[in-house]
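Please read the following report alongside the sequence and the coordinates. It begins with one helix and its surroundings, turns to individual residues, and ends with the chain as a whole.

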Amino acid sequence: MPTSQSPFVFPEGFLWGAATAAHQIEGSPLADGAGPSIWTRFAHTPGMTVNGDTGDVACDHYHRWKSDVALMKSLGLKAYRFSVSWSRILPEGTGRVNQAGVDFYSRLVDELLANDIEPLLTLYHWDLPAALDDRGGWLNRDIADWFAEYGSVLYRALDGRVKKWVTLNEPWVVTDGGYLHGALAPGHKSKYETPIATHNLMRAHGAAVKAYREIGKHEIGLVVNIEPKYPASDSPEDAAAVKRAHAYMNEQYLDAALLGRYPPELKNEIFGDAWPEWADADYALIKQKLDFIGINYYTRSVTQANDSYPLKAGAVRQPLGTYTETGWEVFPQGLIDLLVWSKDRYGNVPTYITENGAAFFDPPVAEGGRIRDPLRMDYLQKHLKAIRSAIDQGCDIRGYMVWSLLDNLEWSLGYSKRFGIVHVNYGTQERTPKDSAKYYSRVIATHGESL
Ligand SMILES: N#[N+]C[C@@H]1[C@@H](O)[C@H](O)[C@@H](O)[C@@H]2O[C@H]12
């Protein structure tokens, strides 16, 4: 540990890493016995993604995994958060195990460990096996058992080498994008399906944690996206809009997982008769002890009342704000505010910032072997300082995973948005660490002192 008294030195053992997701980087979605996922189908459906972009090649990580681990090592990463493609492991979603799929991730984990990089494994990062979607997917209550079965295959194969497991990544995006607004796979638009998908996701989370406790010996948690909401005015209408938006996006999933209940606004103010009465046994399944939570933070929302369906709330662009290529305001104070809120509401559960980063315009190819990305460097610096401040306010923050290691497939936005600290030339698959990667390496090497 550095001896200086820099105010930004992070606690001993703070876990510095980067994050990706299977469908966004791997490519070869059907290789070696894998089955299709809902994203294989969705992206191949005309009009669903920018430029018709698909995950057929992506960053070709499925073949370049060894050199990508070497790249992580060269950057000095201490951890790597990745997700497993469910349909590589169970091509039909349940039953027959595809050993080639298990072997791929087993080799990846061994290579990470050989390079002193701790794996953080996410079971579900949005790529549901298409075969399960054909059986109702997240609308079928049986999916809790299907998910626990899938998790158990991986627990038995990898636990011990993988010591930090995540059940779900951002269940809010899965339901809001995939079942309410239709912007993400499987592309449904139903106020009635959304609560059912939400509830089954959380039941599946609980079932997977319960299964882990019977098989695993290490840690498991849940990753949620949190976007703090601030009123656009001091009107009672905007205050009510903030309350609805905060309950819907920020409280819903952690309340279910940690408190065993949903915020009342979901039924009383948002979904109404579309929100079923759930059985007590469901809440008991959902509320399992967690070893940590992961929070993905990107931006805040200055929120006003509007006539949007069904939330009746929406974001207001800030005239003096700085915005990323995805239209998100750069607002590091929001990270402090949400971490203190989480500490106070849920009792300071050990927390990892499991995603934080930004898309800014980067040139498509390196100029003279260099990719300058000062805006991303500034974003990272501001948010890492915010985390340090939250730690000083008593928040138990255990690590940070920058989103993302590589430029990758930004879901429906295709390859049009670049979040990586490492540039990917999609024509040649050449990786080029951006200036932000070199900056992050220095931050890691000095435990934050060089922030
Ligand atoms: N958009 N965006 C960037 C990033 C997305 O690429 C991740 O897959 C999600 O977990 C989360 O939404 C954040």
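## Helix α5 and what covers it

In this predicted model, helix α5 runs over residues 99-114, and its 16 residues reach 22 Å from the first C-alpha to the last, which is close to the 22 Å expected at 1.5 Å a residue. Just after α5, Asp116 takes a positive phi of about 55 degrees.

The buried residues of α5 are Gly101, Val102, Phe104, Tyr105, Ser106, Leu108, Val109, Glu111 and Leu112, a list that contains the charged residue Glu111 as well as residues such as Val102 and Leu108. The cover over these buried residues includes helices α1 (22-25), α3 (61-75), α4 (86-89) and α7 (143-158), together with strands β2 (79-83) and β3 (118-124).

## Gly314 in strand β9

Strand β9 spans residues 313-315 and contains Gly314. Is Gly314 buried or exposed? Its relative accessibility is 15%, and because buried means under 20%, Gly314 counts as buried.

Leaving aside residues up to four places away in sequence, Gly314 touches Val302, Thr303, Gln304 and Asn306. A further spatial relation links Gly314 with Lys229, which lies 85 residues away along the chain, while the C-alpha atoms of the two are separated by 9.8 Å.

## Cis peptide bonds in loops

A cis peptide bond joins Ala185 and Pro186, with omega at about 10 degrees, and Pro186 belongs to the loop between α8 (171-180) and α9 (193-215).

The peptide bond from Trp403 to Ser404 is also cis, here with omega near 15 degrees. Trp403 is the end of strand β11 (397-403), and Ser404 is found in the loop that lies between β11 and β12 (422-425).

## Positive phi outside glycine

Ser28, although it is not a glycine, has a positive phi of about 45 degrees, and its place is in the loop between α1 and α2 (38-43). With a relative accessible area of 16%, Ser28 is buried.

Gln429 is another residue other than glycine with a positive phi, in this case near 65 degrees, and it sits in the loop between β12 and β13 (430-433). Which side of the burial cut-off does Gln429 fall on, buried or exposed? At 7% relative accessibility, Gln429 counts as buried.

## The chain as a whole

The secondary structure of the chain comes to 15 helices and 13 strands. The radius of gyration is 21 Å, close to the 22 Å that the globule rule gives for 451 residues, so the chain is as compact as a globular protein of that length. Taken along the principal axes, the box filled by the C-alpha atoms is roughly 60 × 55 × 45 Å.

Of the 451 residues in the chain, 64% are buried, and the accessible surface comes to about 16300 Å², with 52% of that area belonging to carbon and sulfur atoms. When contacts between residues at least 6 apart in sequence are considered, 77% of them join residues at least 24 apart. The chain carries 46 positive and 55 negative charges, and the mean positions of these two sets are 3 Å apart.

Conventions:
Residues are numbered from 1 along each chain as its sequence is written. This is a predicted model: local features need pLDDT of at least 70, side-chain atom pairs count only at pLDDT 80 or more; totals for chains, interfaces and linings use all residues. Side-chain values use heavy atoms; hydrogens and water are left out. Helices (H or I, at least four residues) and strands (E, at least two) are DSSP runs, numbered from the N terminus. The radius of gyration is taken over C-alpha atoms; the globule rule is 2.2 Å times the number of residues to the power 0.38. Buried means under 20% relative accessible area, exposed over 50%, partly exposed in between (1.4 Å probe, protein chains only). Contact means heavy atoms within 4.5 Å. Accessible areas come from the Shrake-Rupley method with a 1.4 Å probe; for residues, only the protein chains shown count as cover. Lys and Arg count as positive and Asp and Glu as negative; His and the chain ends are not counted. The place of a charge is taken as NZ of Lys, CZ of Arg, CG of Asp or CD of Glu. The expected span of a helix is 1.5 Å times one less than its number of residues.
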